Amino acid sequence: GPGQAAMYAGLQELGVANGEDLKETLTNCTEPLKAIEQFQTENGVLLPSLQSALPFLDLHGTPRLEFHQSVFDELREKLLERVSAIALEGKVEERYKKLEDLLEKSFSLVKMPSIQPVVMCVMKHLPKVPEKKLKLVMADKDLYKACAVEVKRQIWQDNQALFGDEVSPLLKQYILEKENILFSNDISVLHNFFSPSPKTRRQGEVVQKLTQMIGKNVKLYDMVLQFLRTLFLRTRNVHYCTLRAELLMSLHDLEISEICTVDPCHKFTWCLDACIREKFVDNKRARELQGFLDGVKKGQEQVLGDLSMILCDPFAINTLALSTIRHLQDLVGQDTLPRESPDLLLLLRMLSLGQGAWDMIDSQVFKEPKMEAELITKFLPMLMSFVVDDHTFNVDQKLPSEEKGPIPYPSTIPEAFTKFLQENRIACEIGLYYILHITKQRNKNAFLRLLPALVETFSDLAFSDIFLHLLTGNLTLLGDEFALEEFCTSLFDGFFLTACSRKENVHRHVLRLLLHLHHKVAPAKLESLQKALEPTKQSGEAVKELHNQLSEKLELHKPSPAEVSETPSMELPLPTVPTPASR
């Protein structure tokens, strides 16, 4: 049948008899038994010592096929070992000449399942498989699939479209994994999007697979970077920037100098990686990073496009922003102005290079973005004044109160603050991180004071997934405040609900938060929120699913009507005994 034909494909070219030949011999002969015996002698295993042993096996009922198969398997193992050995011994030219001859002899049998592993092994060890053979492999889906990655690399490097088809599903998977973490139902201040160390992240499946596909091949590495740049431009999705850095550092971990030495970002990325690990840019590393930026030579400005993409990685932005907030606090203590701190200015320089990545790669104009003087002379001092307000208020609380009564917490915000958050990208990023910082300190007063400024921000940054993921995590520390009407009205009506209907992602984040904290929210408020957050016709599956989960949880928590009516009218509310469902 055709299956048999495939199994012995190519034997005739080598002058080896196959089933067809036997058929022909038997059709045209007078004594079939003699013919079979002769065919066996001519095509059997040609070892004199075996001739007498074969009849002995026949007596034991061992089929010839089984015997030949076991001899064959044994030989194949030996051959595979031998090929791998040839690939390592003797002069380079000689060993490759041997392998090429072997490939020439064996390639016609590549469709035979039993021989295929040997042919594949020979190709795997050849640094340059002849073009004609690569084309034949490429044209045959099954052969291409069976190829070692070493051979596929040789095919990919001249076939960008084919390589793109292989890489594309991995990139999709990577973005999906990132989004799943941002929208995860586990909300925690301890374990968030930025918790895993860089080294842990690089062990991820996609990074490992891409690293394996690239090997030491600079051409393939460049292609992947080109894909990432193109996708970043097309989607503005910053997770591609993370992958850009992770891939380089994964090759760094494996000490693949062939690639690391030619990527002009290598040392910068390596230094920044250490900062990300510590979630802080210390003075020594700051000097080093500054040295790289100052060292960009005339005519090499294009490297700024790559550096900006490395700095646009959310993990880099997170580190730079956290370091900026820490520096501002230190400056308050030292009574120093932002413009007098070179370390702070460097952080801002890197933040603005990272935030300008998309524009730079899009416009292909490679120069560092100009820093607005007002950011340094007006905005940052304003943030420092908020820090001072907190100190003053806290000290005031501790002083014995005079007749004038307690001093209220400042409730207004300077109009300029709101304007900066709307119009200046760097100011907005730092402002948002300051708000995360005070939330993490459980500073409810400062949080409620600054919250109104978040309703309108530069390109809606306050409604971006990364910020909302971090904010919801930090809000779990203010859990007890959710029982207060005023707090809930400010947070939900004043902030979240202003965007829910136009931004599906905000809708999801609010539902995540309520799933986590619903038992802390005042019942009346909870009911109105459940109504306000009902999915609309336009809502996606994720929103519907989350709303269903929330409704189920609230059903379990409702007291039954019987319990409600029988509550004795006492001045003091009775301690409620938790029912098993509400645990």
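**Entry 1: the chain as a whole**

How many helices and strands does the secondary structure of the protein chain come to? I counted 32 helices and 0 strands, where helices (H or I, at least four residues) and strands (E, at least two) are DSSP runs numbered from the N terminus. I note that this is a predicted model, in which local features need pLDDT of at least 70 and side-chain atom pairs count only at pLDDT 80 or more, while totals for chains, interfaces and linings use all residues. Residues are numbered from 1 along each chain as its sequence is written, and side-chain values use heavy atoms, with hydrogens and water left out.

I then looked up burial, taking buried as under 20% relative accessible area, exposed as over 50% and partly exposed as in between (1.4 Å probe, protein chains only). Of the 583 residues in the protein chain, 43% are buried. The accessible surface of the chain is about 32,000 Å², and carbon and sulfur atoms account for 56% of that surface; these areas come from the Shrake-Rupley method with a 1.4 Å probe, and for residues only the protein chains shown count as cover. For contacts (heavy atoms within 4.5 Å), I found that among those between residues at least 6 apart in sequence, 72% join residues at least 24 apart.

**Entry 2: salt bridges**

I searched for salt bridges, meaning a side-chain nitrogen of Lys or Arg within 4 Å of a carboxyl oxygen of Asp or Glu, and the structure holds 23 of them. Side chains of opposite charge can pair when their charged atoms come close.

One of these salt bridges joins Lys219 and Asp158, whose closest N and O atoms are 3.1 Å apart. This pair links distant parts of the chain, since Lys219 is in helix α14 (residues 218-235) and Asp158 is in the loop between α10 (149-156) and α11, 61 residues apart. Lys219 is partly exposed, at 43% relative accessibility.

I next took the salt bridge between Arg202 and Asp253, with the closest N and O atoms 2.7 Å apart. Arg202 lies in the loop between α12 and α13 (205-214), and Asp253 in helix α15 (residues 239-253), so the pair ties together parts that are 51 residues apart in sequence. Arg202 is buried, with a relative accessible area of 4%, whereas Asp253 is partly exposed at 28%.

A further salt bridge is that of Arg349 with Asp294, where the closest N and O atoms are 2.9 Å apart. Because Arg349 lies in helix α21 and Asp294 in helix α18 (residues 283-294), the pair ties together parts that are 55 residues apart in sequence. Arg349 counts as buried at 18% relative accessibility, and Asp294 is partly exposed at 48%. I also noted that salt bridges sharing partners join Arg202, Asp253 and Asp273 into one network.

**Entry 3: the nonpolar core**

Which residues touch the most other members of the largest nonpolar core? In this core of 162 residues they are Leu491 and Phe496, a nonpolar core being a set of buried Ala, Val, Leu, Ile, Met, Phe, Trp, Tyr and Cys residues joined through side-chain atoms within 4.5 Å. Leaving aside residues up to four places away in sequence, Leu491 touches Phe447, Leu451, Leu475, Phe482, Phe496 and Leu513.

**Entry 4: helix α25**

I checked the span of helix α25 (residues 425-440), for which 16 residues at 1.5 Å a residue should give 22 Å, and the end C-alpha atoms are 23 Å apart, which agrees; the expected span is 1.5 Å times one less than the number of residues. The helix is mostly covered, with 14 of its 16 residues buried. At the N-terminal end of α25, Asn424 acts as a cap, a side-chain oxygen lying 2.9 Å from the backbone nitrogen of Ile426. Just after α25, Arg442 has a positive phi of about 60 degrees.

**Entry 5: loop residues**

Most residues other than glycine have a negative phi, and most peptide bonds are trans. Lys279, which is not a glycine, nevertheless has a positive phi of about 55 degrees; Lys279 lies in the loop between α17 (266-278) and α18 and is partly exposed at 32% relative accessibility. Asp335 likewise has a positive phi, near 60 degrees, and is found in the loop between α20 and α21, where Asp335 is exposed with a relative accessible area of 73%.

How values were computed:
Polar contact = N/O pair within 3.5 Å; in protein donor to acceptor, adjacent residues only side chain to side chain.
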